[in-house]
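Q: Could you take a close look at one part of this model, the salt bridges and the residues around them, and then set that part against the rest of the chain?

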Amino acid sequence: MTNVASSGLTPKQRKTIAGGAIGTLIEYYDYYLYGLAAAAVFPAVFFSSNDQVIAQLSSFATFAVGFFLRPVGGIIWGIVGDRRGRKVVLMSTVIGMGLATTGIGLIPSDQMIGIAAPLLLLFFRLCQGFFVGGEMGGAATMVVEAAPTGKRGLYGAFLISGAGVANVVSGGLMAGLGLTPESWFLQWGWRIPFVFSIVLAIAAILLRRQLEESDAFTDTQTLLLATTGKKPNPLIEVFRHPKNAIMGILIGLPQSIAGYVILTYGLAFIVSNQHLPAWMGFAGTMLVGLLQIVVAPLWGAISDRIGRRTVYIIGCLGFAAMVYPAFMMFSTGNMWLIWLGQILGFVVFGVAMQATLSTMLVEMFDPEARTTGVNIGYQISNTLGGGLAPLICTALVAAAGGAFWPVVVYAAVIAVVGVIATLVASIQPDVEGAGRLHELRTTASVKTGASR
């Protein structure tokens, strides 16, 4: 793989980073948007016959169910990406995500079509989960493999800058529309950001048409065919290193719950427990996104200097320490303090974890199984962590009579699990696969010599 000096990027690298970042933008846009709507809109639109707590739990249950297909999508799309190439995956997933999110925006309310409304919501949510399952593995692998040596953390973190843009767009649209009359917003206004997803998908397709596979991928595939005569099963190759497959899942848990505890459940806490308008939380989410765009590359660059492992552990511990102050600020009912709580609770340390995770996962697997390995770690951790986090937090606070201290304990336990897993995992910065390529070349040479 040809790397450039720190002075600039090749056209191929620029296209790869831009194509990866816009996919992450859509992934997070779809999921943040759904999370915001699940907290403040869907209980009234799709579960209006239930009391407030049951409606909220039902809404967050559909949010959680979407995550259960993410590992399935991650494995299927990961295998396709490692055998057929990352580009075909990134084109397919972005189309599927755009159509599923747009579909949600077109579902009539339960007052119009009854039980069919939540069932359609559930169907499109499952589609979201299946297609988004293949997004991060393919995007992270392509971007990190294409980045210059010594700057992989920085360029890998641009994926999370894309997530910051998603926060700005989703939070900004929902905040602006939330200022309209409530009846119009609940009937029509909330639908506009969902339908807008198809526009983002078209933009991503146009960018991703120009993507090229990395040298690490093409060289590895060529040598595998030369040595074995066939392409190996990526799922089997991932579990040649079972420790890293398991650690990848555990490492991802803290970063997966950070945004969903502070921003998604935090919004529900503000609206339901503090009886504040939803636009206030939407606007805070937009501010979080603006800061995330800048903060993510800073953490990525720091990880290139002091190591991915160190930055991720700092993020885990810092996030655990910030949950209590964040919810104390949410409890004041003061708009400025609520926004400060969202920033301190997520931007400072939650973004440190997110900015580092994708690059770290790429560095844990060989090129021929990298997309599958990243997807397994990222998607299963997001299912077990992020997907269930709002539901768990809602149930914990309800059981505690409205007190939020169980949420603090829950976040702290998950953070400790992440720290231990990060210390145990084997992380190698050889994303070019030089060691693996040398092994394959040696095997090919021996095979050629034997055949003579």
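A: What follows starts with the salt bridges, moves to the residues beside them, and then turns to a cysteine, a helix and the chain as a whole.

The model is a predicted one, and the count of salt bridges in it comes to 2. Asp304, Arg308 and Glu363 are linked by such bridges in a network. On one side, the side chains of arginine 308 and aspartate 304 meet with an N to O distance of 2.7 Å. On the other side, glutamate 363 is joined to arginine 308, and here the closest N and O atoms are 2.6 Å apart. This second pair ties together distant parts of the chain, since arginine 308 belongs to helix 17 (residues 308–332) whereas glutamate 363 sits in the loop between helix 19 (350–362) and helix 20 (370–387), with the two positions 55 residues apart.

How are the partners placed with respect to solvent, buried or exposed? Glutamate 363 and arginine 308 are both buried. For arginine 308 the relative accessibility is 11%, and it counts as buried because the cut-off is under 20%. Aspartate 304, at 24% relative accessibility, lies above that cut-off and therefore counts as partly exposed.

Serine 303 belongs to the surroundings of this network, for Arg308 is among the residues that serine 303 touches once those up to four places away in sequence are set aside, the others being Gly153, Val311 and Thr356. Serine 303 lies in helix 16 (residues 278–306), and its relative accessibility of 2% makes it a buried residue.

Elsewhere in the chain, cysteine 393 offers another buried position, with a relative accessibility of 0%. It is part of helix 21 (residues 389–399), and, leaving aside neighbours within four places in sequence, cysteine 393 is in contact with Val261, Tyr265, Val407 and Tyr410. The C-alpha atoms of cysteine 393 and phenylalanine 269 are separated by 9.4 Å, although these positions lie 124 residues apart along the chain. Cysteine 316 is likewise buried, its relative accessible area being 0%. The count of disulfides in the model is 0.

Helix 4 (residues 70–84) shows how burial can be distributed along a single element. Its 15 residues reach 20 Å from the first C-alpha to the last, which is close to the 21 Å expected at 1.5 Å a residue. The buried residues of helix 4 are Arg70, Pro71, Gly73, Gly74, Trp77, Gly78, Gly81 and Asp82. Seen down the axis of helix 4, these buried residues fall within an arc of 145 degrees, so they line one face of the helix. In general, an α-helix has 3.6 residues a turn, so residues three or four places apart point the same way. After helix 4 comes glycine 85, whose phi is positive, near 120 degrees.

These parts belong to a protein chain whose secondary structure comes to 23 helices and 0 strands. Of its 452 residues, 58% are buried. Among contacts with a separation of 6 or more, 86% are made by residues 24 or more positions apart. The chain exposes about 16200 Å², and carbon and sulfur atoms supply 71% of that area.

Key. Residues are numbered from 1 along each chain as its sequence is written. This is a predicted model: local features need pLDDT of at least 70, side-chain atom pairs count only at pLDDT 80 or more; totals for chains, interfaces and linings use all residues. Side-chain values use heavy atoms; hydrogens and water are left out. Helices (H or I, at least four residues) and strands (E, at least two) are DSSP runs, numbered from the N terminus. The expected span of a helix is 1.5 Å times one less than its number of residues. Buried means under 20% relative accessible area, exposed over 50%, partly exposed in between (1.4 Å probe, protein chains only). The arc is that of the directions from the helix axis to the C-beta atoms. A salt bridge is a side-chain nitrogen of Lys or Arg within 4 Å of a carboxyl oxygen of Asp or Glu. Contact means heavy atoms within 4.5 Å. Accessible areas come from the Shrake-Rupley method with a 1.4 Å probe; for residues, only the protein chains shown count as cover. A disulfide is a pair of cysteine sulfur atoms within 2.5 Å.
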